[in-house]
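Let's take a look around this protein together. Have the sequence and the 3D view ready, and we'll go from the inside out.

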Amino acid sequence: MTNPVLQKSYIKAEGTATTKLEAMREAFEILLEAGAVTADYLPAMLEREKTVSTYMGNFLAIPHGTNEAKGAILASALSFVRYADPIDWDGNPVHFVVGIAGIENEHLEILSKIAIIFSDDDQVQALRDAAGQDDIYKQLEEVNE
């Protein structure tokens with residue numbers, strides 16, 4: 001990966017969404033502003049969510065587009081939004097929404113790095129307690145390696 005998939009500007013420490021749809025849109029808008037996806041990516045994220053929930057456990061959801069949406073992905077990137085009040089994700093509490101866009105199969109590598117971080121309860125708690133964008137970025141920096 002030439003450019004880091006996660007940049008500090010792709011992190012929102014205080015998400016404003018209150019519903020799953022708003023949270024997906026918030027994660028998508030960061031990817032759009034980053035130039036990683038086209039406007040066509042959001043409908044693909046919504047379509048994916050209809051067929052399979054992107055709730056991963058441990059307060060984490062990873063909305064991403066369908067395989068048919070590959071043309072809407074311009075670059076690999078990761079958006080990260082944290083919510084103080086949990087979002088109801090099909091009956092599951094979500095504090096972290098990670099939007100992923102991956103060129104070719106890079107999204108699989110990104111997903112595995114995120115999964116490793118979120119499999120550690122201490123790391124999840126540290127992300128919940130993080131002071132802000134800088135602190136969150138330091139904890140997630142390894143996804144760029």
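## The nonpolar core

Keep in mind that this is a predicted model. Its largest nonpolar core has 48 residues, and Tyr41, Phe80 and Phe118 are the ones with the most contacts inside it. Lots of elements chip in: helices H1 (20-33), H2 (41-51), H3 (106-118), H4 and H5, plus strands E3 (60-61), E4 (77-89) and E5 (92-101), each supply at least two residues of this core. The largest share, 7 residues, comes from E4. In soluble globular proteins, nonpolar side chains tend to be buried together.

Now zoom in on Phe118. Skipping residues up to four places away in sequence, Phe118 touches Asn58, Leu60, Phe80, Phe96, Val124 and Leu127.

## Two helices side by side

Next, find H4 (residues 121-129) and H5 (residues 133-140): their axes come within 9 Å and cross at roughly 160°. That makes H4 roughly antiparallel to H5. The crossing is left-handed.

Which residues in H4 and H5 meet? From H4 you get Gln123, Ala126 and Leu127, and from H5 there are Ile136, Gln139 and Leu140. Sorted by class, this contact has 4 nonpolar, 2 polar and no charged residues.

## A loop alanine

Finally, hop over to Ala39, which sits in the loop between H1 and H2. Is Ala39 buried or exposed? Its relative accessibility is 55%, so Ala39 counts as exposed.

Ala39 still has company: leaving out neighbours within four places in sequence, Ala39 is in contact with Phe28 and Leu32. Ala39 and Ala72 are 33 residues apart in sequence, yet their C-alpha atoms are 7.5 Å apart in space.

How values were computed: Residues numbered from 1 in each chain as written. Predicted model: local features only at pLDDT ≥ 70, side-chain atom pairs only at ≥ 80, totals over all residues. Heavy atoms only, no water. Axes fitted to C-alpha atoms, helices over the stretch in contact; angles between N-to-C directions. Helix = DSSP H or I, 4+ residues; strand = E, 2+ residues; numbered from the N terminus. Parallel < 35°, antiparallel > 145°, perpendicular 65-115°, else oblique. Left-handed = near helix turned anticlockwise from the far one by under 90°. Contact = heavy atoms within 4.5 Å. Nonpolar A, V, L, I, M, F, W, Y, C, P; charged D, E, K, R; others polar. Core = buried A, V, L, I, M, F, W, Y, C linked by side-chain atoms within 4.5 Å. Buried < 20%, exposed > 50% of the residue type's maximum accessible area, 1.4 Å probe, protein only.
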